[in-house]
Amino acid sequence: MKVDVLLGLQWGDEGKGKVVDVLTPKYDVVARFQGGPNAGHTLEFEGKKYVLRSIPSGIFQHGQTNIIGNGVVLDPVLFREEAESLERSGVDLRSILKISKKVHLIMPTHRLLDAANERAKGGSKIGTTGKGIGPTYTDKISRNGIRLGDTLHNFKDKYTAARNRHLAQLHALGEDPDITELEKRWLEAIDYLLTFDIIDSEHFINRCLRDGKSVLCEGAQGTMLDIDFGSYPFVTSSNTITAGACSGLGVAPNKIGEVFGIFKAYCTRVGSGPFPTELFDETGKAIRDKGHEYGAVTGRERRCGWIDLVALRYAIMVNGVTQLIMMKSDVLDDFDTIKACVAYEINGETITDFPYSIEEEDLKPVYVEIPGWKTDMTGMKSTDEFPKEFNDYIAFLERELMTPISIVSIGPDREQTILRKSPLLNK
Ligand code: GDP
Ligand code: IMO
Ligand code: MG
């Protein structure tokens, strides 16, 4: 068996949580492979809404195993809040959730360092989610991190050494925090975390594959936030691309099957950093209002703009996307015309390959304008109901991106999802 991967192709918040939930019944296992509680994955069904941060989005279907893989960074305090709230809603988490021994732990001092680093950057701050992601992955890569499995051996010594090192770093940044209370809650949360099934998840997943079970890997963030291929340094600290599923779960590259690339019919970004197609006008505001574009984790306003096909082509390339999923087209239901960026103009030169930097001041998006469909599509049940202009828009995107669009999402609810037989799938 192969593992399928579902990941974001833009700057995050594409709707990954919703679609993982929709696809879960086709799989035996759902696994998160990177990121941490910087993610906020929203699911809506039966009139209820849930936001998941560290726990995979496959927990609400029919008893599939859900795994938090080794590539994830986990904050025990936030995990506890999330898990307790789900258990209160009636989810029997303990019977379906397994956590890798190799996840790195986010410590209270990592969060303080995240905030202090941002303050020190001043005007050039990244606009992180403040969850300690950067400092935790920094410790992982510099071989100073603490893994969940470490809680089983000499944990207090390892924890104290890491905490003291962080406090020295905070002092160097002019900060002298009192962490007594934070530390107490964190250590209690570790005990809570250890009541879950802590496993060698790489063995578990590979055994599942050998036994013919199917696995869906759930990405967090998006390709434009990837540490290598995103808009560095305004990125997150993990590999959000398909390769991240290999290293974040211990799955070999030749085990990757379908790669579902998910994107919005427009584009958003939260936090700082370049965004070539950003709209600062009434249209941007209309997209934000209609699409409720406010962060699921931080509540921050998301920056909105037109779809960027230069960036999408790049994302499809580095991920090996085999099928596309288009989200939130309903947000554009009222628009007379829609724009799509097909190239960039830099220094008077037109380019279609995503460049080294998109921070150039004279970078201008080259747009084509497409007629809108001017139809409320939110109640539609099948592709037969799609208006002609909408089909034309999809055909245009498939031509430009040379990849089939096999799912279209027309609203936040689980039910507002339409599977589509793309003509490209037969080629
Ligand atoms: P994720 O981080 O990729 O899982 O995405 P988020 O949950 O952060 O953001 C997506 C937002 O859009 C959530 O509020 C979803 O409920 C909502 N959403 C998902 N799909 C659709 C859609 O097709 N139409 C509309 N209007 N909202 C959607
Ligand atoms: P999901 O999984 C959107 C952004 C932050 C910031 C940058 C670095 O819900 O799509 P970090 O806290 O990771 O060090 O912040 O990355 N960011 C996200 N933006 N969706 C996310 O996750 C994000 N996770 C991080 O806003 O610009
Ligand atoms: Mg999100």
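Q: How do you know how much space lies in the largest pocket?
A: About 960 Å³ of space lies in it, a volume being the space filled by probe spheres set on grid points that are joined across faces, edges and corners. The model is predicted, with pLDDT of at least 70 needed for local features and 80 or more for side-chain atom pairs, while totals for chains, interfaces and linings use all residues. Residues count from 1 along each chain, chains are lettered from A, ligands are numbered from 1 as written, and side-chain values use heavy atoms, without hydrogens or water.

Q: What makes a residue part of the lining of the largest pocket?
A: It needs an atom within 4 Å of a pocket point (on a 1 Å grid over the protein atoms alone, a pocket is an open set with protein on both sides within 12 Å along at least five of seven lines). Here 48 residues line the largest pocket, and Thr-128, Gly-134, Val-235, Thr-236 and Ser-237 lie nearest its centre.

Q: Why do we say where ligand 2 sits?
A: More than half of its atoms must lie within 2 Å of the grid points, so ligand 2 counts as sitting in the largest pocket.

Q: What makes the pair between ligand 2 and Thr-129 a polar contact?
A: The cut-off for a pair of N or O atoms is within 3.5 Å. An oxygen of ligand 2 is 2.6 Å from a side-chain N or O of Thr-129, so the pair counts. Backbone atoms pass too: Gln-221 at 2.8 Å and Gly-127 at 3.4 Å. Overall, the protein covers 98% of the 560 Å² of accessible area that ligand 2 has on its own (Shrake-Rupley method, 1.4 Å probe).

Definitions and conventions:
Polar contact = N/O pair within 3.5 Å; in protein donor to acceptor, adjacent residues only side chain to side chain. 1 Å grid on protein atoms, 1.4 Å probe; cavity = no way out; pocket = protein on both sides within 12 Å on 5 of 7 lines; lining within 4 Å.
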